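Subject: Structure handover

Hello,

Here is the structure we spoke about. Please open it alongside these notes.

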Amino acid sequence: LERELQEQLAKLNEAQLAPTIQKDGPMIVIAGAGSGKTRVLTFRIAYLMSQGIDAFNILSLTFTNKAAKEMKERIATIVGNSEAKNLWMGTFHSVFAKILRMEADKLGYPSNFTIYDTQDSDRLISSIIREMGLDKDLYKYKQVRSRISSYKNSLITVRAYFQNPELKEADAMARRPRMGDIYKEFVDRCFKAGAMDFDDLLLKTNELLTRFPEVLAKYQNRFRYILVDEYQDTNHSQYLIVRALSDKFQNICVVGDDAQSIYAFRGANISNILNFQNDYDDVKEFRLEQNYRSTKNIVNAANSIIDKNETKLDKVVWTANDEGPKIKVNRSLTDGDEGRYVASTIWETKMNEQLPNSDFAILYRTNAQSRSIEDALRKRDIPYRIYGGLSFYQRKEIKDVLAYLRLIINPADEEALKRIINFPGRGIGQTTVDKLIVSANGYKRSIFEVMKNIDKTDVKINAGTKTKLKNFVTLIETFQVLNETADVFELAEYVTRTAGIITEYKKDNTPEGVVKIENIEELINGMKDFVEGQKEIADTTGNLAEFLEDVALSTDMDSDKGDADHVALMTIHLAKGLEFQHVFIVGLEEDLFPSAMSMNTRSELEEERRLFYVALTRAEKQAYLTYALSRYRWGKLVDSEPSRFIEEIDEQYLDIVTPIEERRFNPMLDSKIFGDVSENKPTSSGKIRFKPAKQAILKKGGPTKSSSDKFQVTTPKNLKPMAKTSNDTNLFDSKLAVGNIVKHIRFGTGEVKKIEGTGADIKAEISFQHGGTKKLLLRFAKLDVI
Ligand code: ATP
Ligand code: MG
């Protein structure tokens, strides 16, 4: 370990080494982009371990789970995998979700609580707005959600809300006087559903640490060393957690760059970094000045931009790297031309310099800008991947399957239930669901409980509907029984078939429908990987709860294994912390970047400028700035002017390339150069339609491997039946009887205690010598009578 570590430490400059080996006490590293902050954090963890600090005592908080994974891998090369594995590392959300599970009972939550994603929250909020009979134009669910989110991140609970007349007034002024009532109902409903939204993961952690001193003490003692990357973008709630946990030992190391604070709109508080000195005693402050990432041209240009901001800490950033080529600025006539410029430049550079696609990134201010770029990339057959779009797990068909799984684990999960109670259609209409919701609210029970006890309730529905509800309950209960013994892969395969999801989607044989089935297959394949992966790690079993936790907190960024070679497309916000050889910053136009919505105050404009600084500093070798003179926005062609940010860069770093009107895409010419494009025939409307390039299918753990430069189309793998059909299952209709001694492939020997159910649902309760009593569905249980 020593030698390995010394070798690594030798790779740091002096300024980096100092914070790396500063073992104890509070410390802050403030430094510009690319100066090695993340590297310092990484090496520092390895150093701490070399000093005898147990991995279990180190908590490291990163901006993405992917960053955590990379850090861990890096550390593993120094300290070994078995040690690195024990580090607590991840985003605030993923780390504290784990802790909340362990402590859930204290807060009145089940340990298998569901994590509502944004879509679930939106649905619940919409439903509440509808139930309350409010005007949905005044109460836009997205605005309501973001308002609730900001309360939570400022630790304003429902109670605190109602105690603060100013908040009520502010909402009334915004013509939403019932905001507080919605907030209350939302919180109550989540609680009853055993669900937490993303903000709750932080809010409830704070609640846990303040209300239970013994819990706080436990985690203070566990996390003796705490490290936080990208500290400039922590919000108040995160700040308080870090503060509380580090209070006892004060071994807290935060790194960040005030010039890269870009999440104020989401509650990030730049004063956290500015005030760090006041929060702890004897803070050691470190500065790094040398940038290792980018060329002189890029570093200097970036400096000249951030210089325009008034609010900033003074910092020096310089580099010993090459001068490098100047930053290319390109003007196009339209957004379509811009896309073609980007695609052809990537294509040429790739060919000339023999570079992989992954050396290129295209960054934009808003997701909507990706379309014209995508069209152009597809024409050139350049594989790309959009980050930050709908994650695989948020697609409708995937959420449908996951909703079944969520309900199995947590039947109180209201959003999951509403999603699938009538999917596939089983004749349970919205009116019935509404009645159930009212009743559930009245009884203060979950909807599922009301359904289960439908005969004992006063819900006014007819006998036929009651039967349908009961059948649904039985269906879920059958799955629950299977879940006791099956792993998540087996379970999901069974559920998708039995619940009729596959059959439902098979009815739709449009290309979109086929893709949906492929996606479900991909999900199930991903589960298999997950199960095997978990078994390898050995400390976990690959069960459903673990899988769902993983899914709930995974973003499509995290699922990038890095093994597929593609150009990366993402918003600048997502690009924070990353680096690429060639970076295109597109759509540099007034009202787009800086955004029209962020030009009202100086501080908003400064945040836009920091965003531009982040964008430019992602580039290692070459940066390209592009803008168009007209662009389709909101369905209209609008004229645009070049962004003020281009003008703000010192001209000596720029290379204004010839306008490229003449380079406009010419199908005839390009087909000669790039091969036949005849399959992209014009449609009857005269527009050229392109065969939809198949995006790499995401799955847990990453996109489908693509060995070639092209998009690889995965052929649908047919779902294999999970077990043999009932006919050849040995015991399905055999005469298994109470008292028989049986042997199970996994649980060993046991005695049959009870047999219940009929037909395909026959279950046996078996008491195993080791492993306790289990209820097994006979059609799946591999049992031998002995
Ligand atoms: P950002 O502000 O963008 O998050 P950062 O300060 O975290 O940047 P790193 O990502 O840690 O910077 O480092 C930038 C690049 O420079 C990385 O590729 C890293 O490996 C490299 N680097 C950092 N320090 C050194 C060094 N001493 N010698 C060589 N390369 C280095
Ligand atoms: Mg970094």
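Two strands count as paired here if DSSP finds at least two bridges between them. Strand 12 (residues 360-364) and strand 15 meet that cut-off, because 4 bridges join them. They run parallel. Bear in mind throughout that this is a predicted model.

Strand 15

Strand 15 spans residues 580-585. Of its 6 residues, 5 are buried, so the strand is largely enclosed by the rest of the structure. Towards strand 12, Val583 of strand 15 stands opposite Ala361. Strand 15 also pairs with strand 16 (residues 619-633). That pairing is parallel and has 5 bridges. Within it, Ile585 has Leu625 of strand 16 as its bridge partner.

Helix 19

Helix 19 covers residues 370-379. Here 7 of the 10 residues are buried, so this helix too is largely enclosed by the rest of the structure. The buried set is Ser370, Ser372, Ile373, Glu374, Ala376, Leu377 and Lys379. What covers them? The cover includes helix 18 (335-353), strand 12, strand 13 (384-386) and strand 14 (567-571). Strand 12 therefore appears twice in this account: it is joined to strand 15 by 4 bridges, and it helps cover the buried residues of helix 19. Just after the helix, Asp381 has a positive phi of about 60°.

Ligand 1

There are 19 residues around ligand 1. Gly36, Lys37, Thr38, Arg39 and Tyr292 come nearest. Which element gives the most to this shell? Helix 3 (residues 37-50) does, with 3 residues. By class, the shell holds 9 polar, 6 charged and 4 nonpolar residues.

The UniProt record, an unreviewed entry, lists residues 10-295 as "domain: UvrD-like helicase ATP-binding". Over that range the chain is 53% helix and 12% strand. The C-alpha atoms at its two ends are 23 Å apart.

The five-stranded sheet

One open sheet has 5 strands in the order 22-21-20-19-23, with antiparallel pairing. Strand 22 (772-777) and strand 23 (783-785) stand at the edges. Each has a single partner strand, so one side of each is left without a neighbour in the sheet. The twist averages 40° from one strand to the next. Strand 20 (residues 748-756) pairs with strand 21 (residues 763-768) over 6 bridges, in the antiparallel sense. Across that pair, Lys754 stands opposite Glu765 in strand 21.

Best wishes

Conventions. Residues are numbered from 1 along each chain as its sequence is written. Chains are lettered from A and ligands numbered from 1 in the order in which they are written. This is a predicted model: local features need pLDDT of at least 70, side-chain atom pairs count only at pLDDT 80 or more; totals for chains, interfaces and linings use all residues. UniProt positions are given in the numbering used here, feature names are shortened, and annotations may be inferred rather than shown by experiment. A residue is buried if 20 or more other C-beta atoms lie within 10 Å of its own, exposed if 12 or fewer, and partly exposed in between; C-beta atoms are placed from the backbone. A residue is near a molecule or strand if its C-beta atom, placed from the backbone, lies within 6 Å of it. Ala, Val, Leu, Ile, Met, Phe, Trp, Tyr, Cys and Pro count as nonpolar, Asp, Glu, Lys and Arg as charged, and the others, Gly among them, as polar. Two residues are in contact if their C-beta atoms, placed from the backbone, lie within 7 Å. Axes are lines fitted to C-alpha atoms, for helices over the stretch in contact, and angles run from 0 to 180 degrees between N-to-C directions.
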